[in-house]
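Grab a pencil and work through a few exercises on the fold shown here. Try each one yourself before reading the solution.

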Amino acid sequence: MNHDFFNIISRKEFELLLRTFQATELTQIPIADAFGLVLGNDIVSPEDLPPVNRSCMDGYAVNASDAFGASETNPAYLECCAKLSVDEAPSFTLKSGECASIPTGGTLPDGSDAVVMVEHTQELGSGTIEIRKSSVPGEHTMLKGEDAAKGSVIFKAGHRIRFQDVGLLAALGIKEVTIRKKPRVGIISTGDELVEIDFPQKAGTIRDVNSHTLRCLVSSAGAEAVNYGIVHDELPKLELTLTKAISENDLVLLSGGSSVGMRDLTVQAIESMPESEILAHGVAISPGKPTILGKAGNKPVLGLPGQVTSVQVVMLSLVMPFIRHLMGQKNAFSTSDRPVIQAELEQNTVSKPGREDYVRMKLTSREEGIPLASPVYGKSGLLKTMIQADGLMIIPADTEGFYAGNIVNVWLI
Ligand code: AMP
Ligand code: MG
């Protein structure tokens with residue numbers, strides 16, 4: 001590949017190259033640490049959950065046929081044969097004409113198949129219970145195996161573990177799960193003009209923004225960010241830091257120096273690594289064109305634009321899905337699970353054909369109907385377009401734009 005100029009490929013082609021990288025290794029971890037990580041194998045339920053039929057209400061366990069047709073004006077009368085507590089395993093079988101007092105979560109005795117809520121009953125003394133509501137089998141009960149049936153697959157490999165999933169694992173007594181290791185992502189900011197956050201503002205210096213925003217986005221994708229600070233545009237220094245970052249991480253992100261100018265050294269730095277290759281230089285998205293994908297051995301290295309907004313857009317559209325792919329998440333590049341809101345476009349919005357545009361959008365809610373979406377224009381070197389934006393509107397590469405009044409999808413960020 002000739003690196004003196006871009007060899008622009010589509011976002012889809014870039015994505016296909018990203019997909020060629022392998023997910024991280026498998027490891028076992030306690031479920032307390034599993035939140036947000038991705039399962040490395042299917043999880044099969046070791047038992048039925050609930051293990052028995054349980055009551056969902058305080059009331060009386062009955063055989064539904066004994067209460068069928070009961071009403072306020074035509075109650076049924078059953079004999080209460082037991083007062084069950086929540087931690088009791090009943091050892092008797094309910095006979096026809098009997099009921100048993102049961103709390104929420106209590107185990108249904110054999111012979112019962114429904115619960116009548118206490119509100120629809122009246123204790124008449126001497127053990128007789130008036131049932132004032134008809135019942136059907138299964139009513140107000142949780143059936144054995146209803147949450148998880150023994151032997152069934154409850155989560156598939158590639159599933160990202162959510163808080164509610166941790167709850168199910170705990171309920172099933174599963175203490176550890178096999179997941180893909182959390183990727184470590186090295187972050188390097190490059191540029192002679194860059195200074196640390198506590199440096200005073202003056203001409204010729206720019207405070208490093210990207211390592212901070214990248215760190216947030218890397219952790220929000222579920223990976224661990226490792227910061228390598230600022231490196232000036234000097235090849236030997238950049239090579240040194242890149243070598244260290246590659247050896248210590250699963251993925252390295254460099255920002256700045258990804259274009260084709262004199263001081264743009266990212267391509268050269270990647271090429272100087274052993275067993276390295278530049279797989280792509282330039283992607284047809286805006287902002288974000290000067291993006292590089294390289295590899296050193298089997299480790300991916302991404303050269304991202306220095307412009308503060310461009311790099312944020314590239315992170316959202318390509319790098320965060322890539323991190324999820326490295327974590328083993330199924331359909332990591334799918335756009336269908338993005339939080340999207342429909343809005344009415346306020347003004348005509350044009351885009352150059354041949355590139356996918358990520359227009360920053362402000363949403364205004366209205367008394368009636370869907371929100372109004374207005375583009376936030378500004379240079380990609382300014383922070384304000386992303387600051388003012390509630391979301392992004394994607395104009396596909398084969399589209400020249402959208403008209404005022406069009407209903408558009410805004411990807412909430
Ligand atoms: P470059 O891609 O290196 O030509 O950088 C493009 C623009 O982004 C320049 O104005 C840089 O000063 C700016 N820039 C590069 N890296 C950063 C960074 N880490 N934080 C803030 N601005 C940056
Ligand atoms: Mg630079």
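What follows is a set of exercises on a predicted model, each with a worked solution.

**Exercise 1. Get a feel for the whole chain: work out how many helices and strands there are, and set the radius of gyration against that of a compact globule.**

Start with the inventory: the chain has 8 helices and 28 strands. Next, take the overall dimensions. Along its principal axes, the C-alpha trace spans about 95 × 50 × 40 Å. Now for the radius of gyration: the chain comes out at 30 Å, while a compact globule of 413 residues would sit near 22 Å. Then look at burial, where 46% of the 413 residues count as buried. Finally, check the contacts: of those with a separation of 6 or more, 71% are between residues 24 or more positions apart.

**Exercise 2. Describe how α1 packs on α7: how do the axes cross, and which residues meet?**

First locate the two helices: α1 covers residues 11-18 and α7 covers residues 308-326. Their axes come within 11 Å and cross at roughly 25 degrees. Angles under 35 degrees count as roughly parallel, so α1 is roughly parallel to α7. As for the hand, α1 passes α7 in a right-handed crossing. On the α1 side the residues are R11, F14 and L18, and on the α7 side they meet L318, F322 and H325. Sort that contact by class and you get 4 nonpolar, 1 polar and 1 charged residues.

**Exercise 3. Do the same for α4 and α7: find the angle between the axes, the hand of the crossing and the residues in contact.**

Helix α4 runs over residues 210-221, and its axis comes within 10 Å of the α7 axis, crossing at roughly 25 degrees. With that angle, α4 is roughly parallel to α7. The crossing of this pair is right-handed. Now list who takes part. From α4 the contact uses N210, T213, L214, L217, V218, S220 and A221. From α7 it uses V308, V311, Q312, M315, L316, M320, I323 and R324. By class, the residues of the contact divide into 10 nonpolar, 4 polar and 1 charged.

**Exercise 4. Track down two cis peptide bonds: which residues do they join, and where do the prolines lie?**

Begin with the bond from L49 to P50, which is cis with omega near -10 degrees. P50 belongs to the loop between β2 (43-44) and β3 (54-55). Then move on to the bond from S286 to P287, also cis, with omega near -5 degrees. P287 is in the loop between β19 (285-286) and β20 (292-296).

**Exercise 5. S126 and E275 have positive phi without being glycine. Where do they sit, and are they buried or exposed?**

Take S126 first. Its phi is near 50 degrees, and the residue is found in the loop between β8 (121-123) and β9 (128-131). Exposed means over 50% relative accessible area; S126 has 75% relative accessibility, so it counts as exposed.

Now E275. Here phi is about 50 degrees, and the place is the loop between α6 (266-271) and β18 (276-281). E275 counts as exposed because its relative accessibility is 68%.

**Exercise 6. Look at two strand residues, A296 and N409: how buried is each, and what does each touch?**

A296 is part of strand β20. The cut-off for buried is under 20%, and A296 has a relative accessible area of 8%, so it is buried. Leaving out residues up to four places away in sequence, A296 touches I246, M273, P274, E275 and S276. One of those partners, I246, is 50 residues away along the chain, yet the C-alpha atoms of A296 and I246 are separated by 7.7 Å. E275 from the previous exercise turns up in that list too.

N409 is in strand β28, residues 407-412. At 44% relative accessibility, N409 counts as partly exposed. Under the sequence cut-off of four places, its contacts are V340, I341, Q342, L392 and M393. For a long-distance pair, try N409 and V195: they are 214 residues apart in sequence and 38 Å apart in space, C-alpha to C-alpha.

Conventions. Residues are numbered from 1 along each chain as its sequence is written. Chains are lettered from A and ligands numbered from 1 in the order in which they are written. This is a predicted model: local features need pLDDT of at least 70, side-chain atom pairs count only at pLDDT 80 or more; totals for chains, interfaces and linings use all residues. Side-chain values use heavy atoms; hydrogens and water are left out. Axes are lines fitted to C-alpha atoms, for helices over the stretch in contact, and angles run from 0 to 180 degrees between N-to-C directions. Helices (H or I, at least four residues) and strands (E, at least two) are DSSP runs, numbered from the N terminus. Angles under 35 degrees count as roughly parallel, over 145 as roughly antiparallel, 65 to 115 as roughly perpendicular and the rest as oblique. A crossing is left-handed if the near helix is turned anticlockwise from the far one by less than a right angle, and right-handed if clockwise. Contact means heavy atoms within 4.5 Å. Ala, Val, Leu, Ile, Met, Phe, Trp, Tyr, Cys and Pro count as nonpolar, Asp, Glu, Lys and Arg as charged, and the others, Gly among them, as polar. The radius of gyration is taken over C-alpha atoms; the globule rule is 2.2 Å times the number of residues to the power 0.38. Buried means under 20% relative accessible area, exposed over 50%, partly exposed in between (1.4 Å probe, protein chains only).
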